[in-house]
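Let's take a walk through this structure together, one piece at a time. Keep the picture open as you read, and look up each residue when it comes along.

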Amino acid sequence: MDPVMIIMIVLMVAFFYFFMIRPENKKKKKLAEMRESLTTGDTITTIGGIFGKVVHVDEDKITFETGEDRVRIQIAKWAVSTVGKATEEPQK
């Protein structure tokens, strides 16, 4: 094999690693850490677009309440899309 061809292959592999594989792995790791750090009182959004407040956290499941009707829904942790820390409601 020609040395130039070997260098091109190595550069192409490095490019794919640094611009495609590595960022995806970082994103997965960040999402896993976010889901593992869930606590009671956090506000979440599921991948289906449902908003709610966490009331119970298990090893692989989360129970949350949706809105003022206080309906409790149980979902898998992997179904949480975003987390926002709970804030106190303004007094009226």
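## Salt bridges and a sheet

Start with a pair of charged side chains: Lys77 and Glu36 meet in a salt bridge, with 3.7 Å from N to O. What makes this pair fun to trace is that it links distant parts of the chain, with the two residues sitting 41 residues apart. Glu36 belongs to helix H1, which covers residues 3-36, while Lys77 lies in the loop between strand E4 (71-76) and strand E5 (80-84). Keep in mind that you're looking at a predicted model.

Is each partner buried or exposed? Lys77 counts as buried because its relative accessibility is 9%, and the cut-off for buried is under 20%. Glu36 has a relative accessible area of 56%, so Glu36 is exposed, given that exposed means over 50%. This bridge, then, pairs a buried lysine with an exposed glutamate.

How many salt bridges does the structure hold? There are 3, so let's go and find the others, which both involve Glu65. On one side, Glu65 bridges to Arg70, where the closest N and O atoms are 3.4 Å apart. Glu65 also forms a salt bridge with Arg72, and there the closest N and O atoms are 3.1 Å apart. Through these shared partners, Glu65, Arg70 and Arg72 are joined into one network.

Check the accessibility of this trio as well. Glu65 counts as buried because its relative accessibility is 11%. Arg70, at 55% relative accessibility, counts as exposed. Arg72 is exposed too, with a relative accessible area of 54%.

Now step back and look at the strands. In what order do the 5 strands line up in the sheet? Reading across, the order is E4-E3-E2-E1-E5, in an open sheet whose pairing is antiparallel. E4 and E5 are the edge strands, as each pairs on one side only. The sheet isn't flat-on from strand to strand, either: neighbouring strands are turned by 40° against each other on average, direction ignored.

Let's zoom in on E1 and E2. Strand E1 covers residues 43-46 and strand E2 covers residues 51-57; the two run antiparallel and are joined by 3 bridges. You can check the register by eye: Thr43 stands opposite Lys53 in E2, and Thr45 stands opposite Phe51 in E2. The hairpin of E1 and E2 has 4 residues between the strands, and in this hairpin Gly49 takes a positive phi near 95°.

Moving one place over, E2 pairs with strand E3, residues 61-66, in the antiparallel sense over 4 bridges. These two strands also form a hairpin, this time with 3 residues between them. For a landmark here, look for His56, which stands opposite Thr63 in E3.

Finish with one more residue of E3, Thr66. Why does Thr66 count as buried? The reason is its relative accessibility of 14%, which falls in the range under 20% that defines buried. Which residues does Thr66 touch, leaving aside those up to four places away in sequence? The list is Ile50, Phe51, Gly52, Val71 and Ile73. You've already met Phe51, the E2 residue opposite Thr45.

How values were computed
Residues numbered from 1 in each chain as written. Predicted model: local features only at pLDDT ≥ 70, side-chain atom pairs only at ≥ 80, totals over all residues. Heavy atoms only, no water. Salt bridge = Lys/Arg side-chain N within 4 Å of Asp/Glu carboxyl O. Buried < 20%, exposed > 50% of the residue type's maximum accessible area, 1.4 Å probe, protein only. Pairing = 2+ DSSP bridges. Axes fitted to C-alpha atoms, helices over the stretch in contact; angles between N-to-C directions. Contact = heavy atoms within 4.5 Å.
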